[in-house]
Amino acid sequence: MEQGYARPDDLVSTEWVAERLDDPGILLVESNEDPLLYATGHIPGAHEVDWTRDLNDPVVRDYLDGAGFARLMDRLGASPDTRIIFYGDRNNWWACYALWVFRLFGHENCSIMNGGRIKWVQEGRPLTRESAPVRPAVGYPVRERDDSEHRAFRQEVLAHVQAGGRLVDVRSPAEFSGEKLHMEGYPNEGALRGGHIPGAANVPWARAVNPETGEFLPPADLERIYMEEAGLTREEDVVAYCRIGERSSHTWFVLRSLLGFTRVRNYDGSWTEWGNTVGVPIERG
Amino acid sequence: MSSLTPRLTEILENLEFFPDRADRIQFLISFAERFVPIEPARASLPYPEAHRVPGCESEAFAWVFADGQGGVQCRYDVLNPQGISAQAMAVILRDGLEGASPSQVAAVPDDLVYSIFGRELSMGKTAGLMGMIGLTKALARRLTD
């Protein structure tokens, strides 16, 4: 467990993981942006969860349902009591996203390995190309997703804005200001309008991470960024968003697990929905 | 009008031998394992921003040189060691466009990314890989300006 953070069980160190590679009560899951990375070598025993194939509905813009999640957990050999440790590339961006989806299904017993893949590699710890051993399916119960605690939908965000609620926009300053509508070369992720949701503070997601080690910043540094600079407080209801809800799941983890905010929701519709929606309020600049 | 060079066509045909995702990934990794950065005599760090692939979070850079025989040589570097897909893409473009004319390079379709990696890519990853193709095409066009 990483000390000093609000929910220390939500974050474990590479050393903690290395000491428990043979613990059958722990399931290691690698979740990456780069689809080739897991196959080039992963922590011994780690399984892969791919965000597109494993976590998303293939047709509707939504996540998998309860039956699909139970099938995924059976494939991974996880029971409701299994402690799942996520790690991955890109400063654990995708690992946080996977953890967020798992929490929607009430699997609370899951953590992030601080520093992710890059720190494990930098420390010279072992990687393997061998397939992870198959863990027998235990018949994970089908539990429907409960979006109410960790996820926000457009109408909820609109009501939140109208009530003067706090938001954090984790996109780049150029996206926040409206100067940029989408990532260059990828118009499909764009929006008809640029800017941000009124009242949002702009804190790009990667500010929470030490780029050299991939580790989350110490608690005092995170407090300075999110509470002193952005003006958020732990007791407020905060909504985080980005373009499609991936980067903001990282910030959701920082606010909730590391800083102990009591009510944080990830608006996964994010700017691709808000910036294309007729009649919703937008601020620029 | 977009089209592929014979070597790119051959690479795509070889990919079709691997309908299984895991096998396809191993085939693509075999390209990444052959990745070598641009020769130091041609470019050295820090690279000019004009050669940075826009939207690529693996920090890829691209160059296109005339080979003196009417064709091109494409070279790349990928600064993020975790950028395995970008490394694979760099090798595919380097091999697949070797000796091609600038107009042949300019005709490479941007959605070659999907033909190689499938559509199960993140938005950011797609942007980066398409950016490698886009910058390569733009640099090739400049050779004829």
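How many bridges join strand 2 of chain A to strand 3 of chain A? Keep that in mind while you look around this predicted model.

**Start with the whole chain.** Select chain A. Its secondary structure comes to 10 helices and nine strands. Along the principal axes, the C-alpha atoms fill a box of roughly 50 × 40 × 40 Å. A compact globule of 285 residues would have a radius of gyration near 19 Å, and chain A agrees because its own value is 19 Å. Of the contacts between residues at least 6 apart in sequence, 75% join residues at least 24 apart.

**Turn on the surface.** Chain A exposes about 11200 Å². Carbon and sulfur atoms supply 50% of that area. Buried residues make up 58% of the chain. Now colour by charge. There are 31 positive and 45 negative charges, and their mean positions lie 3 Å apart.

**Select residues 26-30.** This is strand 2 of chain A, and it is mostly covered: five of its five residues are buried. Show the side chains. A:Ile26, A:Leu28 and A:Glu30 point one way. A:Leu27 and A:Val29 point the other way.

**Add residues 83-87.** This is strand 4 of chain A, which pairs with strand 2 in the parallel sense over five bridges. Pick out A:Ile26 in strand 2; A:Arg83 in strand 4 stands opposite.

**Add residues 47-48.** Here is strand 3 of chain A, and the opening question is settled: two bridges join strand 3 to strand 2, and the two run parallel. Finish on A:Val29, which stands opposite A:His47 of strand 3.

Note on methods:
Residues are numbered from 1 along each chain as its sequence is written. Chains are lettered from A and ligands numbered from 1 in the order in which they are written. This is a predicted model: local features need pLDDT of at least 70, side-chain atom pairs count only at pLDDT 80 or more; totals for chains, interfaces and linings use all residues. Side-chain values use heavy atoms; hydrogens and water are left out. Helices (H or I, at least four residues) and strands (E, at least two) are DSSP runs, numbered from the N terminus. The radius of gyration is taken over C-alpha atoms; the globule rule is 2.2 Å times the number of residues to the power 0.38. Buried means under 20% relative accessible area, exposed over 50%, partly exposed in between (1.4 Å probe, protein chains only). Contact means heavy atoms within 4.5 Å. Accessible areas come from the Shrake-Rupley method with a 1.4 Å probe; for residues, only the protein chains shown count as cover. Lys and Arg count as positive and Asp and Glu as negative; His and the chain ends are not counted. The place of a charge is taken as NZ of Lys, CZ of Arg, CG of Asp or CD of Glu. Two strands pair if DSSP finds at least two bridges between them.
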